[in-house]
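Biologist: Please take a close look at one charged side chain for me, and tell me what surrounds it. Then follow the trail outward, slowly enough for a first-year student.

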Amino acid sequence: MSKFTGRCYCGATKVFAKEEPKAVTYCHCDDCRRVTGAPLAAFAAFENATVSFEPNEGRSVTVNHGVTRTFCQACGSPLTGRYDYLPGMVYIALGVLDQADELTPQFHAHESNRLPWLKIDDKCKRMATSAREALIAVSVKPKE
Ligand SMILES: [Zn+2]
Ligand SMILES: [Zn+2]
């Protein structure tokens, strides 16, 4: 049984996650903005092993070394990001998840890069740049 489900814009790609995400974060960085086309992005961080895709995860794109993002093969919806420095984790675009309403973000990553007109009045922790430290803290520890 999947706790969390999702789909891309066209419905060709389905997402299933068996466990709660370890973290949910906004990201204001330029890359996430371009990937999503939105003024900010939000992602839920799941353990890689608990997530599956049907029929597959689509197209993989690497622009920056150590970062792989995937997109629906049919419609191009952004699906995931994986980061070499966060091993074992997959960051699923919050908007593709059916339960996005239950997944409240905890952080604003790259707050210093926020668009100046975008005002979000919440209590989330704000990281000027990467939320790397906080996200590593909740990531799966690499097997020895
Ligand atoms: Zn699609
Ligand atoms: Zn980002």
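Modeller: Here is a walk that starts at one arginine and moves outward from there.

First, some ground rules: this is a predicted model, where local features need pLDDT of at least 70 and side-chain atom pairs count only at pLDDT 80 or more, while totals for chains, interfaces and linings use all residues. Residues are numbered from 1 along each chain as its sequence is written, chains are lettered from A and ligands numbered from 1 in the order in which they are written, and side-chain values use heavy atoms, with hydrogens and water left out.

Our starting point is Arg-33, which sits in helix α1, residues 30–36. (Helices are DSSP runs of H or I with at least four residues, strands are runs of E with at least two, and both are numbered from the N terminus.) Is Arg-33 buried or exposed? With a relative accessible area of 17%, Arg-33 is buried. Buried means under 20% relative accessible area, exposed means over 50%, and partly exposed is in between, using a 1.4 Å probe and protein chains only.

Which residues does Arg-33 touch, leaving aside neighbours within four places in sequence? They are His-28, Ala-38, Pro-39, Asn-113, Arg-114 and Leu-115, where contact means heavy atoms within 4.5 Å.

Now for charge. Side chains of opposite charge can pair when their charged atoms come close. The rule used here calls it a salt bridge when a side-chain nitrogen of Lys or Arg is within 4 Å of a carboxyl oxygen of Asp or Glu. Seven salt bridges are counted this way. In one of them Arg-33 joins Asp-30, with 3.9 Å between the closest N and O atoms. These two residues are three apart in helix α1, which means that about one helical turn separates them. Asp-30 is partly exposed, at 31% relative accessibility.

Asp-30 has a second partner: Arg-34, whose closest N–O distance to it is 3.0 Å. Arg-34 and Asp-30 are four residues apart in helix α1, again about one turn. Arg-34 is exposed, with 65% relative accessibility.

Go back to the contact list, where Arg-114 appeared among the residues touching Arg-33. Arg-114 also belongs to a salt-bridge network with Glu-111, Asp-122 and Arg-126. Within that group, Glu-111 and Arg-126 meet at 3.2 Å, N to O. Distant parts of the chain are linked by this pair: Glu-111 lies in the loop between β10 (107–109) and β11 (125–126), and Arg-126 lies in strand β11, 15 residues apart. Glu-111 is buried at 15% relative accessible area, whereas Arg-126 is partly exposed at 33%.

Strand β11 leads us to a sheet. Eight strands form an open sheet in the order β6-β7-β8-β9-β4-β3-β10-β11, with mixed pairing. At its edges are β6 (59–61) and β11, each pairing on one side only. Two strands count as paired if DSSP finds at least two bridges between them.

Return now to the start of helix α1, where a zinc ion waits. Which protein atoms are the donors of the zinc ion (ligand 2)? They are the SG atoms of Cys-27, Cys-29 and Cys-32, 2.1 to 2.3 Å from the ion. Donors are N, O and S atoms within 2.8 Å of the metal (3.2 Å for Na, K and Ca), and water is not among the atoms, so sites may look incomplete. Along the sequence these donor residues are spaced C-x1-C-x2-C. Cys-29 and Cys-32 are both buried.

There is another zinc ion (ligand 1), with the SG atoms of Cys-8, Cys-10, Cys-72 and Cys-75 as donors at 2.3 to 2.4 Å. Their spacing is C-x1-C-x61-C-x2-C. Cys-10 lies in the loop between β1 (4–7) and β2 (14–17) and Cys-75 in the loop between β7 (67–71) and β8 (78–83), so this pair ties together parts 65 residues apart in sequence. Cys-10 is partly exposed at 42% relative accessible area, and Cys-75 is partly exposed at 28%.
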